[in-house]
There are 2 protein chains.
Amino acid sequence: MTESIHCFVSRHPDLLPRWREAFPSAVAGADAKVSPHGTPCMIWARLEPGAAPVSAIERVRGEFGAIPVVVLSDQPSDEEALSCFAAGARGYCNTHSAAELLRRIADVVLQGGLWIGESLMQRLLQGTARVPMPAPSWAPRDWAALLTEREREVAAAVADGASNKEIARQLGITERTIKAHTGAIFEKLGVRDRLQLSLVVHGRQPN
Amino acid sequence: MTESIHCFVSRHPDLLPRWREAFPSAVAGADAKVSPHGTPCMIWARLEPGAAPVSAIERVRGEFGAIPVVVLSDQPSDEEALSCFAAGARGYCNTHSAAELLRRIADVVLQGGLWIGESLMQRLLQGTARVPMPAPSWAPRDWAALLTEREREVAAAVADGASNKEIARQLGITERTIKAHTGAIFEKLGVRDRLQLSLVVHGRQPN
DNA sequence: GCGGTACCTGTACTTCGGTCCAATAGCCGG
DNA sequence: CCGGCTATTGGACCGAAGTACAGGTACCGC
């Protein structure tokens with residue numbers, strides 16, 4: 001594994017001692033687009049008091065693409081945390097958290113987890129619970145009847161627009177295996193590609 | 001690290017090979033109150049299809065107290081995941097996830113993180129601006145309003161499962177021009193490929 | 001006329017999707 | 001125990017899809 005670079009973005013050009021203690025090789029992001037040290041593995045964005053969290057995070061995410069962002073807040077609150085997660089943050093904690101905690105958070109986030117305060121869980125759920133769910137999609141089962149359990153999962157993911165790579169990550173298997181499944185699905189359902197599969201799954205006939 | 005005992009609770013008395021592969025020292029919980037192997041570090045609760053998620057989790061949590069619970073679902077859905085988190089689960093994933101993924105989830109949860117499914121993650125991140133476009137946040141069916149006449153024809157054909165070559169023949173223009181149109185459509189509608197375009201045209205949200 | 005838009009096409013390139021070969025492993029029914 | 005099904009993966013290959021860069025024509029309004 002290559003050296004993991006933690007990039008701290010804040011208005012101040014220098015790193016807090018805490019951060020340096022947690023990640024000796026950390027670099028300061030400031031507004032620099034790309035650090036000369038390589039591509040960072042994750043971004044720590046310190047929220048300036050008074051600044052809008054959302055725009056700040058989106059700016060950072062716009063600069064750094066898919067790199068996970070953890071927000072550091074000087075005065076954490078549930079409301080602020082919610083805004084951050086809604087804006088795409090993968091974690092939220094106090095700016096002055098202990099080095100040990102920062103490292104734990106980094107572990108969690110880099111593994112694909114979410115770091116969220118315990119008190120926040122209920123409210124976060126309420127915030128997402130009203131997201132409209134588009135489809136019943138399990139009602140029409142004729143297509144599903146022809147497939148195995150695993151193939152159904154893959155078919156559903158494909159039908160929702162996921163790429164092979166995404167499905168592989170989601171199911172924890174290789175992209176190669178996804179291709180094997182999709183191939184089997186296509187043959188069983190008599191379609192030629194993923195788009196036609198999507199149509200069948202959603203109850204339409206191709207062409 | 002001390003020997004971590006993973007306890008798998010399901011209606012079946014035996015462990016899935018996957019689980020044993022992930023945690024060779026795993027034990028089956030069934031309805032046994034306390035295993036003879038000591039106190040487990042975490043509980044994996046397999047959700048039986050048709051059973052109410054909430055009551056199942058609460059029962060498990062009642063038995064095992066403060067030990068973090070990760071829910072395994074045979075047919076994961078966002079609704080189900082939300083119910084589980086509302087009931088106090090710390091993680092949610094597919095029953096048949098790969099051993100490697102299970103171990104990652106265990107890491108995250110044992111460190112205090114939260115593991116939400118990939119699709120739920122997307123839903124959380126959704127509603128945020130994507131990098132190229134400011135996210136039109138379309139009402140259903142205004143997709144046509146954003147496109148030119150020609151682009152509408154191409155979009156409709158793509159959404160019905162036609163290939164670029166077929167559309168080119170149908171419209172009497174070259175495949176290259178179809179690509180130009182599809183590229184413009186993708187950008188205007190904020191989708192990344194023809195399958196997601198198909199979903200938008202048919203009134204669904206990708207992922 | 002000039003700027004803007006829509007429409008059309010070319011070359012070259014990268015990435016993704018799909019298929020063919022083949023292989024390992026576990027589970028299950030006969 | 002063996003054959004069949006399922007799940008998984010590898011390598012190689014090819015074509016489709018998508019992007020980048022670079023044009024061309026035509027129409028329309030100021």
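**Entry 1: a helix in chain B**

I began with α6(B), where V154(B), A155(B), A157(B), V158(B) and A159(B) are buried. I keep in mind that this is a predicted model. Next I asked which elements the buried residues of α6(B) pack against. I found α7, α8 and α9 (194-201) of chain B. Just after α6(B), I noticed that G161(B) takes a positive phi of about 100°.

**Entry 2: the cores**

I then looked for nonpolar cores. The largest has 69 residues, and A45(A), V70(A), V71(A), A45(B), V70(B) and V71(B) are those with the most contacts inside it. Helix α4 (residues 99-110) of chain B gives the largest share of this core, 6 residues. There is also a second, separate core of 35 residues, and I found V154(B) from my first entry in it, along with I167(A), A168(A) and I167(B). A general point helps me here: in soluble globular proteins, nonpolar side chains tend to be buried together.

I went back to A45(A) to see what it touches. Leaving out residues up to four places away in sequence, I listed V9(A), A56(A), I57(A), V60(A), V69(A), V71(A) and L72(A).

**Entry 3: DNA strand C**

How many residues surround DNA strand C? I noted 19, the closest being N164(A), D193(A), T148(B), R150(B) and I173(B). The elements giving two or more residues to this surface are α8 (164-171) and α9 (175-189) of chain A, plus α6 (149-159) and α8 (175-189) of chain B. So my starting helix, α6(B), turns up here too. With 4 residues, α9(A) gives the most. By class, I wrote down 4 nonpolar, 7 polar and 8 charged residues near strand C.

**Entry 4: DNA strand D**

Around DNA strand D I found 20 residues, with T148(A), R150(A), I173(A), A180(A) and D193(B) the closest. Here α7 (149-159) and α9 of chain A, and α7 (164-171) and α8 of chain B, each give two or more residues. The largest share, 4 residues, comes from α8(B). The classes near strand D are 4 nonpolar, 8 polar and 8 charged.

**Entry 5: confidence in chain A**

Last, I checked how far to trust chain A. Its mean pLDDT is 75, and 74% of its residues reach 70 or more. Which helix of chain A has the lowest mean pLDDT, and which the highest? I found α5 (residues 121-129) lowest at 44 and α10 (residues 194-201) highest at 93. Over residues 31-35 of chain A, pLDDT stays under 50, and the model has 5 contacts beyond four places in sequence for them. Residues 122-141 of chain A also stay under 50, with 20 such contacts.

Conventions. Residues are numbered from 1 along each chain as its sequence is written. Chains are lettered from A and ligands numbered from 1 in the order in which they are written. This is a predicted model: local features need pLDDT of at least 70, side-chain atom pairs count only at pLDDT 80 or more; totals for chains, interfaces and linings use all residues. A residue is near a molecule or strand if its C-beta atom, placed from the backbone, lies within 6 Å of it. Ala, Val, Leu, Ile, Met, Phe, Trp, Tyr, Cys and Pro count as nonpolar, Asp, Glu, Lys and Arg as charged, and the others, Gly among them, as polar. A nonpolar core is a set of buried Ala, Val, Leu, Ile, Met, Phe, Trp, Tyr and Cys residues joined through C-beta atoms within 7 Å. A residue is buried if 20 or more other C-beta atoms lie within 10 Å of its own, exposed if 12 or fewer, and partly exposed in between; C-beta atoms are placed from the backbone. Two residues are in contact if their C-beta atoms, placed from the backbone, lie within 7 Å. pLDDT is the predictor's confidence in each residue, from 0 to 100.
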